[in-house]
Every structure is written in structure tokens, then in C-alpha cells.
Amino acid sequence: MSYAIALIRYRKPIDDVIANTDDHRAYLRSLHERGTLLASGPFDPRTGGALILNVPDDDPQEALDAVRDGDPFWQRGIAQYELLVWNPVIGREAIDALRR
């Protein structure tokens, strides 16, 4: 398995973000339960957020596209995604410990 980071940046006013946050977080919880999402959270100030993801080695970009495409924030035009396959060097053991 590989790691990836998704940077999420809001494209709509914060009131629209807040109105859709419950659906977005429910989706993220489902990713966490499947072992795809390792950690997530909003930026401060709240301009977006980040996800640390566990993706398959054989086609990480396809997996990342699926994560983005399933997010209500993406589906409703609330946020844009920047998807990056990531090779952590320092601290990898700690990140590995987050896997189920």
C-alpha cells in the first residue's frame, strides 16, 4: 500500500461549507472504517482541510480519484481537491501504525 495526501480547498462561502459538513464527515467516517482514511481535519483558519490516505500500489491515482468523486463536497461544488501520492521517509513507522 502507498500513502497519499488530499488537500481540500473550499470554493464556496463558509456558510455553504458548514451546511454540507455533516455529509462530508459521514463520508470520511466511511473511508476511515474501510481503512482508506488514516487522518483528516480542517485547516486553521478554515479555508479547507487535508486527508492522509492509504491507497493501493497498483493504481493509486484511480483510488484517489474515487475518494474525491465520492465526497459530497466535490459532488456539490463546495471544494476542490489536490491529490498527491506521498512517500513519507521520516516518521513512516508512526504512519504505518495508523493502518488497521
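Helix 1 (residues 14–33) lies across strand 1 (2–10), strand 2 and strand 3, and runs at about 165 degrees to strand 2. Lying across is judged by contact, meaning heavy atoms within 4.5 Å, and the angle is taken between N-to-C directions on a scale from 0 to 180 degrees, with axes as lines fitted to C-alpha atoms, for helices over the stretch in contact. Helices (H or I, at least four residues) and strands (E, at least two) are DSSP runs, numbered from the N terminus. Everything here comes from a predicted model, where local features need pLDDT of at least 70, side-chain atom pairs count only at pLDDT 80 or more, and totals for chains, interfaces and linings use all residues. Residues are numbered from 1 along each chain as its sequence is written, and side-chain values use heavy atoms, with hydrogens and water left out.

Let us stay with helix 1 for a moment, since histidine 24 lies in it. With a relative accessibility of 7%, histidine 24 counts as buried; buried means under 20% relative accessible area, exposed over 50%, and partly exposed in between (1.4 Å probe, protein chains only). Leaving aside residues up to four places away in sequence, histidine 24 touches Ile8, Asp71, Pro72 and Phe73.

Now for the sheet itself. It is open and built from 4 strands in the order 2-3-1-4, with antiparallel pairing; two strands pair if DSSP finds at least two bridges between them. Strand 2 (37–42) and strand 4 (79–86) stand at the edges with a single partner strand each, so one side of each has no neighbour in the sheet. From one strand to the next, the twist averages 15 degrees.

Take a look at strand 2 and strand 3, which form a hairpin with 5 residues between them. The antiparallel strands 2 and 3 (residues 48–55) are joined by 5 bridges. Along this pair, serine 40 stands opposite leucine 51, and glycine 41 has alanine 50 as its bridge partner.

Helix 2 (residues 60–70) lies across strand 1, strand 3 and strand 4, at about 155 degrees to strand 4. Its buried residues are Pro60, Ala63, Leu64, Val67 and Arg68. Viewed down the axis of helix 2, these fall within an arc of 135 degrees, so they line one face of the helix; the arc is that of the directions from the helix axis to the C-beta atoms. The buried residues of helix 2 pack against strand 1, helix 1, strand 3, helix 3 (72–75) and strand 4.
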